[in-house]
Amino acid sequence: MLLEKIDNFDIFRPKMDSSKEVLHAIATFQADISPAFPYVNAELGGWDYDQINQVLLLKLSNGKWITLHPHQIAIRGIRDLDEAHALLTWIQTQINDIYERRDHITPRYVSQAGLKIMEILKLLPMTNCKVCGYLTCMAYAAGLREGEISLEACQPLWEEKYREKREKLQAYLQSYGWRALDEF
Ligand code: SF4
């Protein structure tokens, strides 16, 4: 097991967010979990993966983030102690499980942050019809890049005349490991 023991788990209210009802937490340990990062990035769809400094950022729904460092896991934007422990248990289980299965996973070194809004925009119908709930295709493209909205929300894109654009967009998103935030 790659990450068996957590040595320390601190939960605190960040000074910069002291007015908000959110907590941050940091778990530290002796084990080096960085060998799991390209596989975790592939399986969970990391938001940003810095290979040089070995930092993998996972963006969750409702403003929560998990940042993985070789000997540290930082969790931001949690509500309480129970949520902090639940998220730590979840990510520890994911890291161990994914690392166990690494021989069957294609590692991924790019991440969602590499997606370009203009590239997404070019593959949308560009009619600014507002069906998706955004005022413009540009705003939708930005929301899509962040994982805040699904591809299905752009209903016109699923019309036959946009098939080629849709398939290119799906392939483009997939190549960066895109996922919607509510996928876990
Ligand atoms: S539904 Fe599609 S075409 Fe219409 S505004 Fe949204 S992104 Fe643009």
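Of the 184 residues in the chain of this predicted model, 29% count as buried. Along the principal axes, the C-alpha atoms fill a box of roughly 55 × 45 × 25 Å. Among contacts in the chain with a separation of 6 or more, 59% come from residues 24 or more positions apart.

The secondary structure comes to five helices and six strands. In sequence order the pattern reads β-β-α-β-β-β-β-α-α-α-α, so that two strands and a helix precede a run of four strands, and four helices close the chain.

The chain is divided into two parts, domain 1 (8–104) and domain 2 (115–183). Their C-alpha centres lie 28 Å apart. Where the two domains meet, seven residues of domain 1 are in contact with six residues of domain 2. On the side of domain 1 that touches domain 2, the residues divide into two nonpolar, four polar and one charged.

A ligand is also present in the model, with 14 residues surrounding it. The closest are Cys129, Cys132, Cys137, Tyr140 and Cys154. The residues of this shell divide into 11 nonpolar, two polar and one charged.

The table sets out the make-up of the ligand shell and of the domain 1 side that touches domain 2.

| Set of residues | Nonpolar | Polar | Charged |
|---|---|---|---|
| Shell around the ligand | 11 residues | two residues | one residue |
| Side of domain 1 that touches domain 2 | two residues | four residues | one residue |

How values were computed:
Residues are numbered from 1 along each chain as its sequence is written. This is a predicted model: local features need pLDDT of at least 70, side-chain atom pairs count only at pLDDT 80 or more; totals for chains, interfaces and linings use all residues. A residue is near a molecule or strand if its C-beta atom, placed from the backbone, lies within 6 Å of it. Ala, Val, Leu, Ile, Met, Phe, Trp, Tyr, Cys and Pro count as nonpolar, Asp, Glu, Lys and Arg as charged, and the others, Gly among them, as polar. Domain bounds come from an automatic or database domain assignment. A residue is buried if 20 or more other C-beta atoms lie within 10 Å of its own, exposed if 12 or fewer, and partly exposed in between; C-beta atoms are placed from the backbone.
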